[in-house]
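Subject: Structure for you to look at

Hello,

Here is the structure I said I would pass on. Please open it beside this message, and my notes come after it.

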Protein chains: 2
Amino acid sequence: MKEAFKSLDGSRQYEIFAAAMAEFGEHGFKKASTNRIVKRAGMSKGMLYYYFDNKQSIFDDALDFALDHIENYMLYDITTKKEGFIERCARLSHIKYVYFKAHPEISKFITSVYFSDDLNEVQQERNAAFLENRQRILFDNLDMDRFRDDIDHQTAIKLVSWTINGYTQEMEHMMKAEGLDFEHFDEYFEDFDHYLAALRKLYYKEEYQ
Amino acid sequence: MKEAFKSLDGSRQYEIFAAAMAEFGEHGFKKASTNRIVKRAGMSKGMLYYYFDNKQSIFDDALDFALDHIENYMLYDITTKKEGFIERCARLSHIKYVYFKAHPEISKFITSVYFSDDLNEVQQERNAAFLENRQRILFDNLDMDRFRDDIDHQTAIKLVSWTINGYTQEMEHMMKAEGLDFEHFDEYFEDFDHYLAALRKLYYKEEYQ
DNA sequence: ATGGGATTGACCAGGGTGGTCAATATGAAT
DNA sequence: ATTCATATTGACCACCCTGGTCAATCCCAT
């Protein structure tokens, strides 16, 4: 990015990156259109190239911005207190979901990056570090003794995370179909608690249910 | 489609539809390119419009073809014998996976249709009927008494299907990352059995484990 | 040799692309 | 009021790709 962009108001920077990330998230790098980015951000074509060198550098800077943004958010909100794996998963899911509602463009952008495979080396390393960090947060300081003794811990971890991801995905799909609605939002989280209770009953020793 | 196409060799029809489905699956209707379809199918532009009226009718006919193809395949391979839900899910997953490896273009095409929302009414009905049929197959003639008594059946069904879907997705993601490999294929299914055994231990009464 | 279906690919108008740039608008300092 | 640097515009460029057409071939059974 050029100096002109750096000296911009933080919220304006966010708006512009948001426009770019939404476009890249929906269409991928190649088929993303700078004209649509410009329209989304409410600015003229000339301005975009007054702020950035070219399309590629818009993408690169947006990716940097997105990863930083998520990492800051997560760092702020996460305390890895000792807890069971089910509780940890549930908490992370919840955080993720709140973040998704607050910053859908960033979430979608990062998701599309995760599934694409045309990142350069630097970006791949950056992204790998990001994912590793997520794993660390997910597994740090867990109380694994809550799991039933007759089930392997690693197996239980896999099963539980698949289950909770499945719930999350179904939720997203429902939301997308019906349009996301804050009334339903709470309903869904009541359901979530119900399923979490069931999971505890299935996977945990009696004293932890 | 025009008469010329109908009188084509069945395998050639498949090739052409496969090219179209691959293109539509990757790019969606609007951004799909008839030029790329033509290239994929190894034919000239003129030929495509000798077979079909226009881009839309290519899509329509491909969708018909895909749904018919899947339904025939499933009908042939599925006997809904009495079994537990875990076994049913596992079997359907396996069938789905084998089908995916045999006909990836069809699978991806149908998946993209499932997530898109620009189907016309007739297609929506057709697709709804298709999904309903899948649900029927999934739930027909189940032995629900295998589930532990202290867990609600509907809850168990949800949890188990989320879990198994999660496993399937992880498998797909791994395959995509490493390139699908038949050696690994079998490994994965050994793992699968391991996880199924764990699920039975968690969800079933002792006598059904 | 002829007729007719199969097949080609150059071609079209139209629209979108990433990127440029001369022209202006703005606003603070003089 | 003038100056001057910075902010901002959108028309414009050459290029590429689009869905679709069609005159020209090719192929082969008669």
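Below are notes on the DNA contacts, the salt bridges and one surface patch. Please keep in mind that this is a predicted model.

DNA strand D

The protein surrounds DNA strand D with 16 residues, and the closest are A:Y50, B:A32, B:S33, B:T34 and B:K45. By class, five residues of this surface are nonpolar, seven are polar and four are charged. Three helices each supply at least two of the residues: α4 (45–51) of chain A, and α3 (34–41) and α4 (45–51) of chain B. The largest share comes from α4(A), with five residues.

Of the strand D atoms within 4 Å of the protein, 55% belong to sugar or phosphate, and the rest belong to bases. Two contacts go to phosphate oxygens of strand D. A polar side-chain atom of A:Y50 lies 2.4 Å from one, and a backbone N or O atom of B:A32 lies 2.7 Å from one. A base oxygen of strand D is contacted as well, with a backbone N or O atom of A:G46 at 3.3 Å.

DNA strand C

Around DNA strand C there are 16 residues, of which A:S33, A:T34, A:K45, A:K55 and B:Y50 come nearest. Sugar and phosphate make up 57% of the strand C atoms that come within 4 Å of the protein. In the side chain of A:T34, an N or O atom is 2.7 Å from a phosphate oxygen of strand C. For the side chain of B:S44, the corresponding distance to a phosphate oxygen is 3.1 Å. The backbone of B:G46 has an N or O atom 3.2 Å from a base oxygen of strand C. Two or more residues of the surface near strand C come from each of α3 (34–41) and α4 of chain A and α4 of chain B. Here α4(B) gives the most, with five residues. The classes on this surface are five nonpolar, seven polar and four charged residues.

Salt bridges

The count over all chains comes to 32 salt bridges. One of them joins the side chains of B:R36 and B:E23, at 2.8 Å from N to O. B:R36 lies in helix α3 of chain B and B:E23 in helix α2 (residues 10–31) of chain B, so this pair ties together parts that are 13 residues apart in sequence. B:R36 is partly exposed at 34% relative accessibility, whereas B:E23 is buried at 0%.

Another salt bridge runs between B:R88 and B:E83, with the closest N and O atoms 2.5 Å apart. B:R88 is buried, with a relative accessible area of 1%, and B:E83 counts as buried at 4%. In chain A, salt bridges with shared partners join A:E23, A:E26, A:R36 and A:R40 into one network.

A:D150 and A:R148 also form a salt bridge, and their closest N and O atoms are 2.9 Å apart. Which of these two is buried, and which is partly exposed? A:R148 is the buried one, at 15% relative accessibility, and A:D150 is partly exposed at 39%.

Surface patch

A:Y114, A:F115 and A:L131 make a nonpolar surface patch of about 280 Å². Of these, A:Y114 sits in helix α7 (residues 104–115) of chain A. A:Y114 is partly exposed, with a relative accessible area of 39%; patch residues need over 30%, so A:Y114 can count towards the patch.

Regards

Definitions and conventions
Residues are numbered from 1 along each chain as its sequence is written. Chains are lettered from A and ligands numbered from 1 in the order in which they are written. This is a predicted model: local features need pLDDT of at least 70, side-chain atom pairs count only at pLDDT 80 or more; totals for chains, interfaces and linings use all residues. Side-chain values use heavy atoms; hydrogens and water are left out. A residue is near a molecule or strand if one of its heavy atoms lies within 4 Å of it. A polar contact is a pair of N or O atoms within 3.5 Å; within protein, one must be able to donate a hydrogen and the other to accept it, and residues adjacent in sequence count only if both atoms are side-chain atoms. Helices (H or I, at least four residues) and strands (E, at least two) are DSSP runs, numbered from the N terminus. Ala, Val, Leu, Ile, Met, Phe, Trp, Tyr, Cys and Pro count as nonpolar, Asp, Glu, Lys and Arg as charged, and the others, Gly among them, as polar. Patches are made of residues with over 30% relative accessible area and no salt bridge: like charges are joined within 9 Å, nonpolar side chains (Val, Leu, Ile, Met, Phe, Trp, Tyr) within 5 Å. Accessible areas come from the Shrake-Rupley method with a 1.4 Å probe; for residues, only the protein chains shown count as cover. A salt bridge is a side-chain nitrogen of Lys or Arg within 4 Å of a carboxyl oxygen of Asp or Glu. Buried means under 20% relative accessible area, exposed over 50%, partly exposed in between (1.4 Å probe, protein chains only).
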